[in-house]
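Thanks for coming. I'll put the structure up and go through it region by region.

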Amino acid sequence: MVTIKSLEEINKMRVAGKVLSRAVKMLKDMCQVGVNCLDLDRAFEEFILANGCTSNFKGYGGFPKTICVSINDQLVHGIPQDRILADGDIVSIDTGCVYQGYHADSAFTKIVGTPKDEKHAILIEVTEKSLELAIEQVKPGTRIGTIGATIQKYVESFGFGVPRDYTGHGIGTEMHEEPYVPNYGTPDTGMRLQSGMVIAIEPMVQMGTFKTKVASDKWTVYSADHSMAAHFEHTILVTDSGSEVLTRYKD
């Protein structure tokens, strides 16, 4: 069921989003050559707890950590391991937190050190830009299909693949609520957005195929052809006149 949030609920989601944006900024700064992925997870958990929030990832369906760390050809849902980040690694980190029962969700991708291939930098730029283009579409009356079509058209114009198996989503008292927000679609189709809805838009992009496969850990998702992957996400409130990105970092 799609829910319209009250002002009280929105304010709680604003707090969750603000805390999460600061935690994401911390992780971006920490993602350097020589850093252990377990230290990223530990620092994130300590930060959100110190700021009045709890994890919405840890324990979700049995997931053992507080963030997802997906590296190189891993698209999403990577479990942080005792692994040291190496020069040129493409690191995608998916994060979330809960404040007084209300969720926020955000993700980013970063190249650690020096890119191994200039196309890797283009992949990340295109994925992040597709998110911003999709956010520009968010306002009352916009259909879900238009958001997905905006992402798909831009991403595929660079020859990259848009996976079909994983999508954005509504968010509120649950991390994943209706409606689903695919990264592909047909303009002017699907549900219309309404003021007070909150959605997470999260383009996931692969340099090669759109197909994916799941690792033996039952969590980590790889590109089926092992091409490099990227992932960006924001939690977005639909307002009367447009949108408010609840997880955008502000100094």
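The largest cavity holds about 30 Å³ of space. This is a predicted model, and the structure has one cavity of 30 Å³ or more. Which residues line the largest cavity? They are Cys68, Ser70, Leu75, Val76, His77, Ser92, Ile93, Asp94 and His231. Two or more lining residues come from each of β1, at 68-71, β2, at 74-76, and β3, at 90-99. Of the elements, β3 gives the most, three residues.

Two of those lining residues, Ser92 and His231, come up again with Thr109. Thr109 sits in strand β4, residues 102-111. Its relative accessible area is 7%, so Thr109 is buried. The side chain of Thr109 makes a polar contact of 2.7 Å with the side chain of Ser92. A polar atom of the Thr109 side chain also lies 2.8 Å from the backbone nitrogen of His231. So much for the polar atoms. With neighbours within four places in sequence left aside, the contacts of Thr109 are Ile90, Val91, Ser92, Ile124, Ala229, Ala230, His231 and Phe232.

Now the cores. The largest nonpolar core has 52 residues, and within it Leu85, Ile93, Ile147 and Ile201 touch the most other members. Ile93 is also one of the residues lining the largest cavity. Apart from the largest core lies another, made of seven residues, including Ile10, Tyr102, Ile171 and Leu237. Back to Ile147. Not counting residues up to four places away in sequence, Ile147 touches Ala134, Val138, Thr142, Val181, Leu193, Ile199 and Ile201.

Ile199 and Ile201 take us to strand β7, residues 198-201. Is β7 covered on one face or on both? On both: Val198 and Ala200 are buried on one side, and Ile199 and Ile201 are buried on the other.

What pairs with β7? Strand β5, residues 168-170, pairs with β7 in the antiparallel sense over two bridges. Within that pairing, His169 stands opposite Ala200 of β7. Strand β12, residues 234-238, also runs antiparallel to β7, and four bridges join them. Here Val198 has Leu237 of β12 as its bridge partner, and Ile201 stands opposite His234 of β12. Leu237, you will recall, is among the members of the seven-residue core, while Ile201 is in the 52-residue one.

Staying with β12: how many of its residues are buried? Five of the five are, so β12 is largely enclosed by the rest of the structure. The burial covers both faces, with His234, Ile236 and Val238 on one side and Thr235 and Leu237 on the other. Strand β12 also pairs with strand β13, residues 243-245, in the antiparallel sense, over three bridges. Val238 stands opposite Ser243 of β13. A hairpin of four residues connects β12 to β13.

Next, a helix position. Val126 is in helix α3, residues 118-136. Why does Val126 count as buried? Because its relative accessibility is 2%, and buried means under 20%. Not counting residues up to four places away in sequence, Val126 touches Tyr154, Val155, Phe158 and Phe160. For the first of these, Tyr154, the separation from Val126 is 28 residues in sequence and 7.8 Å in space, C-alpha to C-alpha.

Last, a loop residue. Where does His226 lie? It is in the loop between β10, at 221-223, and β11, at 229-231. Its relative accessibility is 40%, so His226 counts as partly exposed. With neighbours within four places in sequence left aside, His226 is in contact with Asp73 and Lys213. The side chains of His226 and Asp73 are joined by a polar contact of 2.6 Å. For a long separation in the chain, take Ser55: it is 171 residues from His226 in sequence, and their C-alpha atoms are separated by 30 Å.

To recap: the cavity has β1, β2 and β3 as the elements giving two or more lining residues. Strand β12 is joined to β7 by four bridges and to β13 by three. His226 is partly exposed, whereas Val126 and Thr109 are buried. I'll take questions now.

Technical notes. Residues are numbered from 1 along each chain as its sequence is written. This is a predicted model: local features need pLDDT of at least 70, side-chain atom pairs count only at pLDDT 80 or more; totals for chains, interfaces and linings use all residues. Side-chain values use heavy atoms; hydrogens and water are left out. Buried means under 20% relative accessible area, exposed over 50%, partly exposed in between (1.4 Å probe, protein chains only). Contact means heavy atoms within 4.5 Å. A polar contact is a pair of N or O atoms within 3.5 Å; within protein, one must be able to donate a hydrogen and the other to accept it, and residues adjacent in sequence count only if both atoms are side-chain atoms. A nonpolar core is a set of buried Ala, Val, Leu, Ile, Met, Phe, Trp, Tyr and Cys residues joined through side-chain atoms within 4.5 Å. Two strands pair if DSSP finds at least two bridges between them. On a 1 Å grid over the protein atoms alone, a cavity is a set of points where a 1.4 Å probe fits but cannot get out, and a pocket is an open set with protein on both sides within 12 Å along at least five of seven lines; lining residues have an atom within 4 Å of a point. Grid points are joined across faces, edges and corners, and a volume is the space filled by probe spheres set on the points.
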